[in-house]
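This report describes the fold, the packing and the ligand surroundings of the structure shown below. Headings mark the topics in turn.

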Amino acid sequence: MGNNSMLKKNGFAFTCLKENCPNSCCGPFKDRSPDHISVFSMDHDGIPLLHREAEAITKERGKRHIVRLNDGGWHIRLRHDRSCPFWVKGLCSINNIKPALCIAYPFYLDAFSGLNVHRTCPGLNQGHTDVETTKSMLKALKELYIELADRALAKISNSVKEIDSKCCNRQKKVV
Ligand code: SF4
Ligand code: SF4
């Protein structure tokens with residue numbers, strides 16, 4: 001599995017510390033990096049969801065915590081303190097329908113350096129996660145990125161069509 005010290009024969013050097021984590025990834029979430037601007041003016045106050053996850057959470061917990069986004073997607077609305085509303089006593093209360101982002105954590109993809117981990121996760125270099133589970137984490141990450149990219153493509157196509165039709169209507173009025 002390469003020579004990175006985090007990747008070993010028996011898996012990835014990581015164990016989630018769950019309710020004993022001193023710096024949980026369930027909150028409070030940080031604000032967007034000042035270097036980033038949302039193309040679709042989306043707020044940075046939620047946890048992104050796949051379509052099927054938004055449906056599953058709505059079915060199990062109602063619509064209260066789910067928000068529809070400008071790009072046609074969904075996210076979990078954070079609490080006022082920017083923590084996840086499903087984080088209860090240090091544990092995930094929707095473990096059976098946990099979002100892909102949470103399954104994949106601490107992995108994330110970077111266009112320049114490929115697969116990364118969040119260095120702030122205290123579970124890194126603690127025990128190990130077996131190869132099959134590590135692969136499931138990466139599959140969740142892949143599914144999330146593909147759906148986010150598909151959504152952005154659809155949104156861009158629709159926006160261009162809208163701009164086109166507005167231009168045509170304006171031209172017709174001028175003629
Ligand atoms: S930050 Fe890491 S160790 Fe802590 S709860 Fe999240 S995944 Fe687990
Ligand atoms: S859905 Fe669960 S794992 Fe994800 S941030 Fe919320 S409490 Fe944490």
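## The β8-β9 hairpin

Leu-109 and Leu-115, the latter in β9, stand opposite each other. The two strands concerned are β8, residues 107-110, and β9, residues 114-117, and they pair in the antiparallel sense over four bridges. With three residues between them, β8 and β9 form a hairpin. The model in which this is seen is a predicted one.

## Overall architecture

The protein chain contains three helices and 10 strands. Read from the N terminus, its elements follow the order β-β-β-α-β-β-β-β-α-β-β-β-α. Taken along the principal axes, the C-alpha atoms fill a box of roughly 70 × 40 × 30 Å.

Of the 175 residues in the protein chain, 17% are buried. Among contacts with a separation of 6 or more, 75% are made by residues 24 or more positions apart.

## The three-stranded sheet

An open sheet is built from three strands in the order β1-β2-β10, with antiparallel pairing. β1 (7-8) and β10 (124-129) occupy its edges; each has a single partner strand, so one side of each lacks a neighbour in the sheet. In general, the strands of a sheet pair through backbone hydrogen bonds, in either a parallel or an antiparallel manner. Two bridges join β1 to the antiparallel strand β2, residues 11-14, and Leu-7 stands opposite Phe-12 of β2.

His-128 is located in strand β10. It counts as partly exposed because it has 18 C-beta neighbours inside 10 Å, a value between the limits of 12 or fewer for exposed and 20 or more for buried. Not counting residues up to four places away in sequence, His-128 touches Lys-8, Asn-10, Gly-11, Phe-12, Ala-13 and Thr-15. His-128 and Leu-7 are separated by 121 residues in sequence, whereas their C-alpha atoms are 9.0 Å apart in space.

## Helix α1 and the nonpolar core

Helix α1 spans residues 51-61, and its buried residues are Glu-53, Ala-54 and Ile-57. These residues lie on the same side of α1 because they cover an arc of only 100° around the axis. On the other side of α1, the exposed residues are His-51, Arg-52 and Lys-59. The buried residues of α1 pack against β3 (46-49), β4 (66-68), β5 (74-77) and α2 (100-104). Gly-62 follows α1 and has a positive phi, near 85°.

The largest nonpolar core has 19 residues, of which Leu-49, Cys-84, Ala-100, Leu-101, Ala-104 and Leu-144 touch the most other members. At least two residues of this core come from each of β3, α1, β5, α2 and α3 (131-174). Leaving aside neighbours within four places in sequence, Leu-49 is in contact with Ala-54, Trp-74, His-75, Ile-76 and Pro-99.

## Ligand surroundings

The residues around ligand 1 are Cys-16, Leu-17, Cys-21, Asn-23, Ser-24, Cys-25, Tyr-105, Pro-106, Cys-121, Pro-122 and Gly-123. This shell divides into eight nonpolar, three polar and no charged residues.

Ligand 2 is surrounded by Cys-26, Ile-47, Cys-84, Phe-86, Trp-87, Cys-92, Ile-94, Lys-98, Pro-99 and Cys-102. Its shell comprises nine nonpolar residues, no polar ones and one charged. Two members of this shell also appear in the description of the core: Cys-84 is one of the core residues that touch the most other members, and Pro-99 is a contact of Leu-49.

## Backbone geometry in the loops

Two cis peptide bonds may be noted. One joins Gly-27 and Pro-28, with omega about -5°; Pro-28 has its place in the loop between β2 and β3. Another joins Tyr-105 and Pro-106, with omega about 15°; Pro-106 is in the loop between α2 and β8. Both Tyr-105 and Pro-106 belong to the surroundings of ligand 1.

Positive phi values also occur outside glycine. Lys-18 has a phi of about 50° and lies in the loop between β2 and β3. Because it has 12 C-beta neighbours inside 10 Å, Lys-18 counts as exposed. Lys-89 has a positive phi near 50° and sits in the loop between β6 (87-88) and β7 (91-92). Lys-89 counts as exposed because it has 6 C-beta neighbours inside 10 Å.

Methods. Residues numbered from 1 in each chain as written. Chains lettered and ligands numbered in written order. Predicted model: local features only at pLDDT ≥ 70, side-chain atom pairs only at ≥ 80, totals over all residues. Near = placed C-beta within 6 Å. Nonpolar A, V, L, I, M, F, W, Y, C, P; charged D, E, K, R; others polar. Arc of directions from axis to C-beta. Contact = placed C-beta atoms within 7 Å. Pairing = 2+ DSSP bridges. Core = buried A, V, L, I, M, F, W, Y, C linked by C-beta atoms within 7 Å.
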